[in-house]
Amino acid sequence: MDNSRLLLRSGLTLAAAAALPAALAGPSAAVSGISVSTTGSTVSVVTSACTQINGSWGTAALLTSRQANFAQGRQVALSGTSVSQSAAWSSVSPGTYTVVVVCSSGSTAGSQSVIVSAPASPARPTISSTSSPAPSRGVMGGLGGAARDYGPLTMGVGGALVGAGIVATAWVLRRRSKPYRL
């Protein structure tokens with residue numbers, strides 16, 4: 001009898017711990033399938049969500065706050081490989097923009113806002129390096145964790161597993177502190 005209650009309580013606790021990260025994530029945790037960055041007056045976007053259809057990966061558009069739809073923005077065709085596709089806009093004036101990527105299949109890979117800041121004052125000297133170009137995707141050190149953008153389902157399952165591990169560890173430590181209980 002006592003064992004069945006114990007199993008029921010621990011099972012309910014683990015189920016609640018597994019559901020907690022997904023409940024906390026809610027609809028606001030939808031991760032965009034694109035990564036947008038700025039360097040000076042250049043805005044660039046990288047995605048791995050598109051597939052090539054009839055020689056085209058898709059199109060990316062840079063929208064100002066006054067533009068309402070994809071057709072009104074500065075459009076650039078995506079280029080790249082099956083692993084990564086990218087597009088860039090140069091000579092972008094300071095302001096807030098929205099980058100939207102539409103794959104050649106017609107599906108939207110994602111949209112993300114970006115702020116382009118004003119250039120630094122001319123009194124400050126700029127240091128440039130001619131030895132090698134800067135990496136376009138940032139630093140990819142370690143075991144490659146930064147090389148792939150995982151979706152919300154993968155992140156939710158990972159969060160649930162971490163939460164379940166924390167709850168199980170706390171339960172075991174609590175049970176060990178009272179040796180007279182089973």
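Here is a chat about the fold of this chain, which is a predicted model.

Q: What's the secondary structure of the chain?
A: There are two helices and eight strands. This is a predicted model, by the way.

Q: And what pattern do they follow along the sequence?
A: The chain reads α-β-β-β-β-β-β-β-β-α.

Q: Okay, how much of the chain is buried?
A: Of its 182 residues, 20% count as buried.

Q: What about the exposed surface, how much area does the chain show?
A: About 12,600 Å² is exposed, and carbon and sulfur atoms supply 61% of that.

Q: Which strands make up the open sheet?
A: Four of them, in the order β4-β3-β7-β8, and the pairing is antiparallel. The edges are β4 (74-77) and β8 (108-116), each of which pairs on one side only. On average, neighbouring strands of this sheet are turned by 20 degrees against each other, ignoring direction.

Q: How many bridges hold β3 to β4?
A: Four, with β3 (residues 58-64) and β4 running in the antiparallel sense. As one landmark, A60 sits opposite V76 in β4.

Q: Switching to β6, which of its side chains are buried?
A: Q85, A87 and W89 are buried and point to one face of β6 (residues 85-89). S86 and A88 point to the other face and are not buried.

Q: Which strand does β6 join through five bridges?
A: That's β2 (residues 42-47), and the two run antiparallel. In that pairing, V45 stands opposite A87 in β6.

Q: And how does β5 pair with β6?
A: In the antiparallel sense, over two bridges, with β5 covering residues 79-80. G80 has Q85 as its bridge partner in β6. The two strands form a hairpin, and four residues lie between them.

Q: What about β1 and β2, how many bridges there?
A: Six, again in the antiparallel sense. S37 has S44 in β2 as its bridge partner. β1 and β2 form a hairpin too, with two residues between them. G40 in that turn has a positive phi of about 65 degrees.

Q: New topic: how many residues are in the largest nonpolar core?
A: It has 19, and V43, V45, W89, V99 and V101 have the most contacts inside it. The strands that each supply at least two residues of this core are β1 (34-39), β2, β3, β6, β7 (95-103) and β8.

Q: Which strand gives the most to the core?
A: β7 does, with four residues.

Q: You listed W89 there. What does W89 touch?
A: Leaving out residues up to four places away in sequence, its contacts include V43, V45 and V99. W89 also touches A60 and V76, the two residues that stand opposite each other in the β3 and β4 pairing. Among the others that W89 contacts are S41, R74 and Q75.

Q: What share of the chain's contacts join residues at least 24 apart?
A: It's 57%, counting contacts between residues at least 6 apart in sequence.

Q: Now backbone oddities. What's phi for N54?
A: Near 55 degrees, a positive value in a residue other than glycine. Most residues other than glycine have a negative phi.

Q: Where is N54, and is N54 buried or exposed?
A: N54 is in the loop between β2 and β3. N54 is exposed, with a relative accessible area of 79%.

Q: And what's phi for S91?
A: About 55 degrees, so positive although S91 is not a glycine.

Q: Where does S91 lie, and is S91 buried or exposed?
A: S91 lies in the loop between β6 and β7. S91 is exposed too, at a relative accessible area of 63%.

Q: What is S91 in contact with?
A: S41 and R74, leaving aside its neighbours within four places in sequence. Both of those also touch W89.

Q: How far apart are S91 and G40?
A: They are 51 residues apart in sequence, and 8.7 Å apart in space, C-alpha to C-alpha. G40 is the glycine in the turn of the hairpin formed by β1 and β2.

Terms used: Residues are numbered from 1 along each chain as its sequence is written. This is a predicted model: local features need pLDDT of at least 70, side-chain atom pairs count only at pLDDT 80 or more; totals for chains, interfaces and linings use all residues. Side-chain values use heavy atoms; hydrogens and water are left out. Buried means under 20% relative accessible area, exposed over 50%, partly exposed in between (1.4 Å probe, protein chains only). Contact means heavy atoms within 4.5 Å. Accessible areas come from the Shrake-Rupley method with a 1.4 Å probe; for residues, only the protein chains shown count as cover. Two strands pair if DSSP finds at least two bridges between them. Axes are lines fitted to C-alpha atoms, for helices over the stretch in contact, and angles run from 0 to 180 degrees between N-to-C directions. A nonpolar core is a set of buried Ala, Val, Leu, Ile, Met, Phe, Trp, Tyr and Cys residues joined through side-chain atoms within 4.5 Å.
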